Amino acid sequence: MTEQEVREVVERLLKRLNAGELDAPSPEATAHAPAQPAEHDGVIEDIEQIDLRRQYLVENAHDAAAFLAMKERTPARIGVGRAGARYRTQTMLRFQADHAFAQASVFSDVPPEVLENLHLPVYQTTCESREEFLTRPDKGRVFDAGTLERIRAGIAPDVRVVLYVADGLSSAAVTANAADILPVIRKGLEGAGIKVNEPFFVRFGRVATMDQIGDGLPAEVVCVLLGERPGLVTAESMSAYIAYKPTVGMAESRRTVLANIHRGGTPAVEAGAHIVDLIQLMLEKKRSGIDLPV
Amino acid sequence: MREERLLSVGIDIGTSTTQCVFSAITLSNTASSFSVPRIQITEKRVLYRAPLRLTPLTSPDTIDAQGVEQIVSEDYAAAGIRPEQIRLGAVIITGETARKQNARAVSQALSRLAGDFVVATAGPALESILAGRGSGAAELSRTSGKRVMNLDIGGGTANMAVFERGEPIANGCLDIGGRLLRFEDDDRTVLSFSPAMRRIARDAGVPLAEGTRLSGEETDRLAVRMAEVLEEAAGLKPRTPLHDALCVEACLPDIGPSDIYTFSGGVSECIYGTDTDTARFHDLGAALGRAVASSRFFAAGRVRRPAECSYATVIGAGAYSVAVSGSTICYQELTFPLPSLPTGKVPFAGPEDLPGLEAAVREQYRIFDGECAICMDGVQAPSYALVEQAAQALARAMAPHWPKVVILREDMAKALGQALMRAWPGDTPFLCMDGISLTYGDTVDIGAPLSGGRVIPVIVKTLAFSAGR
Amino acid sequence: MRLSVCLGGHTYSFRDVREVMGKANEEKSGDQLCGVAAQTPQERVAARIVLSELTVKEVCEHPAVPYEQDEVTRLILDGLNQKVYREYQDMTIGALRERILSAPPEELTRMGRGLSSEVIAAVCKLMSNLDLIYAAARMRVKATCVTTIGEPGTLSARLQPNHPVDDVEGITASVLEGLSFGMGDAVIGLNPVDASTASVQAILTRFDELKRRYEIPTQICVLAHVTTQMEAVRNGAPCDLMFQSIAGSEKGNAAFGISAELIAEAKDLMAREGTSHGPNQLYFETGQGSELSSDAHNGWDQLTMESRCYGFARHYAPFLVNTVVGFIGPEYLYDSRQFIRAGLEDHFMGKLHGLPMGCDCCYTNHMRADQNDNENLAVLLASAGCNYFMGVPHADDVMLNYQSTGYHDVAAVREALGLAPIAPFARWLERWGFWRDGRLGPNAGDASVFL
């Protein structure tokens, strides 16, 4: 059976299950269910693809068009109607789906093949598990001595800009954006004659890992691209934190932050191109964060 | 920088009157903190509207260029604004006037007064849209969620634009206006009339000749027929051959009725009954206004009075003609402004368009004799590989040409621009910007960068819109 | 003071009141991060046994931050009613728990005036979840700004129309829809992105316009920093209610850029320049863990520090106080079990302090929690007589990127538990067809009736 056929069988079963025709099948039963003659109507539309700004579900509205025009000005989930005092099924399911994607991006690792395809060596902070990463921010900021040594050994002395990726609070952000943003930044800087290291990946990494990595290196600028805490609007949002000569214990205000990098925000390639300009400005002005006039 | 205020001027030289309006346009960064800046026009405010003046003519076919310059100079003085304070300017020569022989000479005479940015001579399509925006019809369509049609009826033409969600979806122009027929001071004896008027009169069965006197009933019959043609254009009545004969350049596409109709332009004051001194023009304006007021437009109960009537076009010209590019763009070594650049649109909306891209760009340069902006839709959140390959194709095709200008709709210009920069010799002048949506055949005026060089102001001079855009 | 106990043959000894207080808490990741949590469930119970034998006096005399060092401590202790305190000072915390669970409501109100924040935290640690609900349900606290909230039988809502870039039209759209679901009787209050005074003024002005145009009986607020709001008020902006986040120590408040003096000044300004008559014109938000995150906890557990927020707050007679319980993240409250517990604790402690408590029942996406857990907390707190919840479009705050209670959630809790918006607001809703016969009316959810 092809993957497609399997999917169709499962969907058909779920449909009958929802209609109360069947008891819940055990996983084995589902997997071994014989292929039935096709009576399906194809795949159910992906609710994640619905543009919520254009969706209006109030029944018998006094002036749907006028409200829809107002609704265009906000990403808030309004104009959603109601079932009694509760949510309509469609918006409830969309909310649950968005939450599922958000949680998956927090609680899962970046798939190893994604990192392999990007040729990113992997280093890990002192956190041993994702749970520890989430509950011990102090451990997610530092490396043990050996790891730090290996990271810094991989950065040539003439490198001016250190660029790396960390999972932060969203693995999905890395998966969605790293492949497009990394080469734009590297090519852009190298095109301007600025040497960049071979980027790497930090697992269980928080922003302040850049402090330990950059402290004492000859490189001038450190830039980490990491996954933001996901909201329901997107789980794929990445932030760039960039600092001129970061040091352990420095003020947060010395970081220049660029957030909201994702398909629906600033696209990865444009953010990358913007970061190229920002880093050049930092190298010229020799400062970052609130001290950098932008 | 979070906010920047720019002064703009709109100058409208119409068939019967000349108007001048000064506005303040506010540019703000609307992005949240810690994001890539997004500079947008956030406020447009009229600072001063000069009084209406009769357009000075040296003969029926020639505008008095010096006279116009004199009027506008006086308006600047009255507004307390010096020409060098103007960062954005637009001269619009409307309707019949644009067809007068020295229109271009006039606009050139005024360029000193309109700042160093843009002097535009509008065609009927742009005028229609500017009137619709300036009247407030476009905004009404956005806030109401309804389809709104604005009819700007002046002396020589009726400019019509239909808006949905704040954007124009169709426009058209008819040879219908208050001044197609002029009377002697008695308001009865025909002084002169246009060829279009002759058609209308023939259709309405009213004999027309200079020096003859028209009865009140005949005058009304002419006006009613003109109002009917407007109804036909607006989808309230089946179209007749006269409608088609009166279309200027292109007819308004037949897209059916609109939810709301608004009227602007000089005749609108007569429609809404707000002009109490209608006799001074000695033309058909007052009769046309009354005819529209008792037409199907009002019977359908869909007419609203827009925020601006008489000044709609000039406010549109001054405050609504300029768009700004996206805020992540790329340019170097260019001298601005770049006036009146035709745009050659090439298909590029995804990887499937890559193979034909280079040839398509070369073809546009061939069509426009080697000088045009290359415009494309572009791709939302493109991959790095796509940007790189597109840059290679564009770099080859654009290499021999000047100026090198790429305009995209989707947000990708900075990445593409940086890739182009690497593909060409280091100091090659070029501009690559996004956030501007163009249709084939649009002409653009590109101004000097604003807001610390982050954005580029652009006036899109639309030639035609197709329905449903 | 007896700080040792034998439990199941094992002797547990604690160094001081601080260690007992930390280890007596229900499991919280923030206490673990801080290093004050019990190592085992047995140790936790042992600490509670010790705590139950301590007297009110013993706990009161061991404030989390010394009196000389900390103005919050001074406000708490100097503000106690000494007569009431003396009545309870020799009671053990265990006996105090039983007194709270059996005393009539009037006594609870009076009792709170004599209990320090540490004592209230201590008794909270001995309460089960249902204890917290049961005790809080008998304490109703009313407060008056423009309208009065906290009447028995009511459940109010703050209408929270947040927007990622403060677009006034977008905010208005969310406000109108919220009103149509009966939200906003506590306050119409926005968390702004742009902290500039001009932006705060612009939003306040819009809220005021809406309030006047539709004659809405409520109060308005923009939750910027108190100094920004004060500047806006001095510039003439309409403001019914002034907001500030607060902490349970002077150092924690300093991290928020405030002090007791500044809040007093804000209260005074509102009395003179506010657009409401009061007397309650301030709005405070709190949340367990904020002191630890600014290293202002002095080695104490997050529950005790949270209780001290309420001790600080009551000095200023606020109109609204709520914990933003699950906003701070999993390093302080790891999962649904922890944030549900914290929500019940905070509500109880605030009430016993005599505060008109609401709650932002909420969670972030990096906590082990989901909307079902949040709905559970809302129902529990509504049963406990909570004054108000947040009303957020479909529970998803698109600016702060967390999930709270939605318009529909508050409306459903009201209907399910027979609660109503406050009377003047309910009458206003009835006029628009948003509320009828104790439940949502025919126009509920259709904000286009306003257009």
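**Figure 1. Strand 8 and strand 13 of chain B, side by side.** In this predicted model, strand 8 of chain B runs parallel to strand 13 (residues 260–264) of chain B, and five bridges link the two. One of the residue pairs can be named: Asp152(B), in strand 8, has Ser264(B) of strand 13 as its bridge partner. In general, strands of a sheet pair through backbone hydrogen bonds, and the pairing is either parallel or antiparallel.

**Figure 2. Strand 8 and strand 9 of chain B, joined by a hairpin.** Strand 8 covers residues 148–153 of chain B, and strand 9 covers residues 158–164. These two strands pair in the antiparallel sense, with six bridges between them. Four residues form the hairpin connection from strand 8 of chain B to strand 9 of chain B. Two facing pairs can be picked out. Val148(B) lies opposite Phe163(B) of strand 9, and Met149(B) lies opposite Val162(B) of strand 9.

**Figure 3. The two faces of strand 8 of chain B.** Which residues of strand 8 point one way, and which the other? Val148(B), Asn150(B) and Asp152(B) point to one side of the strand, while Met149(B), Leu151(B) and Ile153(B) point to the other. Are these residues buried or exposed? On both sides they are buried. Strand 8 of chain B is accordingly described as mostly covered, with six of its six residues buried.

**Figure 4. The five-stranded sheet of chain B.** Strand 8 also has a place in a wider arrangement, an open sheet of five strands in chain B. The strand order is 10-9-8-13-14, and the pairing is mixed. Where does the sheet have its edge strands? They are strand 10 (167–174) and strand 14 (303–304) of chain B, each of which pairs on one side only.

**Figure 5. The domains of chain B.** Chain B is divided into domain 1 (3–122), domain 2 (137–306) and domain 3 (328–450). Taken over C-alpha atoms, the centre of domain 2 of chain B and the centre of domain 3 of chain B are 42 Å apart.

**Figure 6. The contact between chain A and chain C.** How many residues does each chain bring to the contact? Chain A gives 38 residues and chain C gives 36 residues. On the side of chain A that touches chain C, at least two residues each come from helix 3 (64–71), helix 4 (89–107) and helix 6 (130–135) of chain A. Helix 4 of chain A has the largest share of this side, with six residues. By residue type, the side of chain A that touches chain C holds 21 nonpolar, nine polar and eight charged residues.

**Figure 7. Chain A on its own.** Chain A contains ten helices and six strands. Of its 294 residues, 43% are buried. Among contacts in chain A with a separation of 6 or more, 69% are between residues 24 or more positions apart.

**Figure 8. Chain C as a whole.** Chain C is built with 21 helices and 16 strands. Its radius of gyration is 21 Å, close to the 22 Å that the globule rule gives for 451 residues, so chain C is as compact as a globular protein of that length. Along the principal axes, the C-alpha atoms of chain C fill a box of roughly 70 × 45 × 40 Å. Buried residues make up 61% of the 451 residues of chain C. Of the contacts in chain C with a separation of 6 or more, 76% join residues 24 or more positions apart. The average pLDDT of chain C is 97, and 100% of its residues score at least 70. For the model, the scores are ipTM 0.96 and pTM 0.87.

**Figure 9. The boundary between the two assigned domains of chain C.** The domain assignment of chain C gives domain 1 (4–137) and domain 2 (143–450). Their centres, taken over C-alpha atoms, are separated by 27 Å. Across the boundary, 40 residues of domain 1 of chain C are in contact with 43 residues of domain 2 of chain C. Which elements give two or more residues to the side of domain 1 that touches domain 2? They are helix 1 (17–23), helix 2 (29–34), helix 5 (71–78), helix 8 (105–112), helix 9 (117–125) and helix 10 (129–137) of chain C. The residues on this side of domain 1 of chain C divide into 20 nonpolar, ten polar and ten charged.

Notes: Residues are numbered from 1 along each chain as its sequence is written. Chains are lettered from A and ligands numbered from 1 in the order in which they are written. This is a predicted model: local features need pLDDT of at least 70, side-chain atom pairs count only at pLDDT 80 or more; totals for chains, interfaces and linings use all residues. Domain bounds come from an automatic or database domain assignment. Two strands pair if DSSP finds at least two bridges between them. Two residues are in contact if their C-beta atoms, placed from the backbone, lie within 7 Å. Ala, Val, Leu, Ile, Met, Phe, Trp, Tyr, Cys and Pro count as nonpolar, Asp, Glu, Lys and Arg as charged, and the others, Gly among them, as polar. The radius of gyration is taken over C-alpha atoms; the globule rule is 2.2 Å times the number of residues to the power 0.38. A residue is buried if 20 or more other C-beta atoms lie within 10 Å of its own, exposed if 12 or fewer, and partly exposed in between; C-beta atoms are placed from the backbone. pLDDT is the predictor's confidence in each residue, from 0 to 100.
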